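Colleague: Got a minute to go through this model with me? I want to start with the metals.

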Amino acid sequence: MKGILVILDGLGDLPSKQLGDKTPLEAAEMPNLDFLANRGEMGYMYPVRPGFVPESDEAVVSIFGNELTSSSRGQLEARGAGLKMMRGDLALRVNFSTIDSLKSGNIIDRRAGRTLTTEEAEILSKALNKIKLPCEFEFKSTIQHRAVLVLRGGFSDNITGNDYVYSKGEMPTAEKIGTFSPLDEDENSVYAANILKEFVDKAYEVLDTHPVNEQRRKKGLMPANYLLMRGAGIEIPKLKFYKRWMAVTYMPLEKGFAKISGMTNFSFDYPKLKNLDVYSSLWEGLKEACRSSEKYLQKNHKDFDYAYIHIKETDLPGHDNKPSEKKRMLEYIDKTFFKFLAAFTPPNKIKVLVTGDHSTPCRMKAHSADPVPVLFYNQSVPRFSFLKRIKIPSFFKKEEQNPEKKGVKFCEGEARNGTLGIIFGKDLLEKVGFNR
Ligand code: ZN
Ligand code: ZN
């Protein structure tokens with residue numbers, strides 16, 4: 001193996017009051033990442049282009065050198081969920097969500113409080129697949145509140161979703177459910193929008209009174225009574241082919257992306273929501289992601305030239321404005337997965353590239369256009385290595401006796417001054433010499 005790319009979802013951030021005006025990366029203790037940073041270069045990257053606020057699919061597609069127009073969230077997710085797709089099938093990413101009623105259409109929570117278990121979603125999916133529509137369709141839940149819908153047949157995807165948070169440009173109000181609207185006058189677009197409207201309305205009738213939701217209400221949980229959809233797509237995204245790459249991904253989007261990009265993907269079943277504490281289940285997922293990434297790299301590094309590792313959990317605390325949680329996650333990844341990499345990659349002469357797919361600043365509770373830091377470990381001699389030869393008198397403070405502390409720290413601010421400079425996502429891999 002020659003190189004490993006690690007994407008920490010939503011890595012970039014802005015200073016937070018809770019962290020003493022530091023970003024989670026600045027506040028986190030990450031000796032292993034710093035070890036790598038001090039033996040390489042740093043830079044900062046606009047995942048797509050300056051001023052653009054990327055969704056995860058747009059960012060990852062761009063970072064792997066593809067033109068943005070070739071991305072389509074629904075298609076990637078449907079393939080990641082293992083659905084068989086025919087040309088012209090319309091695929092959408094779906095969230096189970098909570099609204100007050102179809103009539104007033106106020107969104108209470110876009111993800112049903114993030115407490116929907118995968119098992120509950122599977123039961124609801126079964127009921128949804130019994131809905132009668134003028135065309136064939138398949139609804140499949142994936143992990144927790146996430147699902148995909150595929151309408152079979154020749155459709156147009158030139159339509160909006162019904163979640164205004166994700167429609168670029170015009171945003172009537174993000175707190176109300178939207179309507180699917182055709183973006184041209186083509187009758188296929190009008191037809192697609194009408195069928196989807198019919199489906200979500202019927203779905204509400206099925207979901208709102210479903211025993212699963214009755215139970216949830218009794219437990220004081222939000223009912224998963226509405227479907228929010230986005231990322232309509234009919235074409236298989238035309239992505240560059242990375243056949244000498246392995247991947248470790250586990251969310252449907254990244255799995256679909258790795259598959260369509262020709263990578264050999266290694267995955268694991270996402271840990272079940274054990275109790276209703278959303279973050280305890282996130283931590284289970286994070287631990288499994290770190291464990292699996294290490295395991296599959298150790299097992300398969302001789303069979304591939306490169307690896308793409310995607311860790312999803314770091315994005316969530318940004319959306320929830322939990323900077324301390326994000327810092328803790330980063331520290332955990334450092335002391336497990338990056339500790340492994342810092343020991344494993346030098347003797348195997350493997351280069352390591354670490355970055356995020358976009359920034360999710362805690363204080364914005366959303367993705368932003370801010371650039372993300374990039375770390376490229378290429379086994380160069382640390383610039384401060386001469387310090388090791390100097391005997392530091394013992395009356396100096398403890399930190400100063402540790403030569404590693406004299407080096408750089410992997411964080412937004414220092415990455416901006418890095419020698420890799422400003423990078424656009426689509427040029428990243430070429431810039432560090434990671435080939436297809
Ligand atoms: Zn992301
Ligand atoms: Zn996100």
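Modeller: The zinc sites come up here, then the core.
This is a predicted model, where local features need pLDDT of at least 70, side-chain atom pairs count only at pLDDT 80 or more, and totals for chains, interfaces and linings use all residues. Residues are numbered from 1 along each chain as its sequence is written, chains are lettered from A and ligands numbered from 1 in the order written, and side-chain values use heavy atoms, with hydrogens and water left out.

Colleague: Which protein donors does the zinc ion (ligand 1) have?

Modeller: Asp9 (OD), Ser56 (OG), Asp357 (OD) and His358 (NE2), lying 1.9 to 2.1 Å from it. Donors are N, O and S atoms within 2.8 Å of the metal (3.2 Å for Na, K and Ca); water is not among the atoms, so sites may look incomplete.

Colleague: Is Asp9 buried or exposed?

Modeller: Asp9 is buried, at 0% relative accessibility. Buried means under 20% relative accessible area, with a 1.4 Å probe and protein chains only. Ser56 is buried too, at 2%.

Colleague: And what holds the zinc ion (ligand 2)?

Modeller: Its protein donors are Asp315 (OD), His319 (NE2) and His367 (NE2), at 1.9 to 2.1 Å. Their spacing along the chain is D-x3-H-x47-H. The zinc ion (ligand 1) is 4.7 Å from the zinc ion (ligand 2).

Colleague: Switching to the largest nonpolar core, which residues touch the most other members?

Modeller: Leu297 and Phe337, out of 51 residues. Such a core is a set of buried Ala, Val, Leu, Ile, Met, Phe, Trp, Tyr and Cys residues joined through side-chain atoms within 4.5 Å.

Key: Buried means under 20% relative accessible area, exposed over 50%, partly exposed in between (1.4 Å probe, protein chains only).
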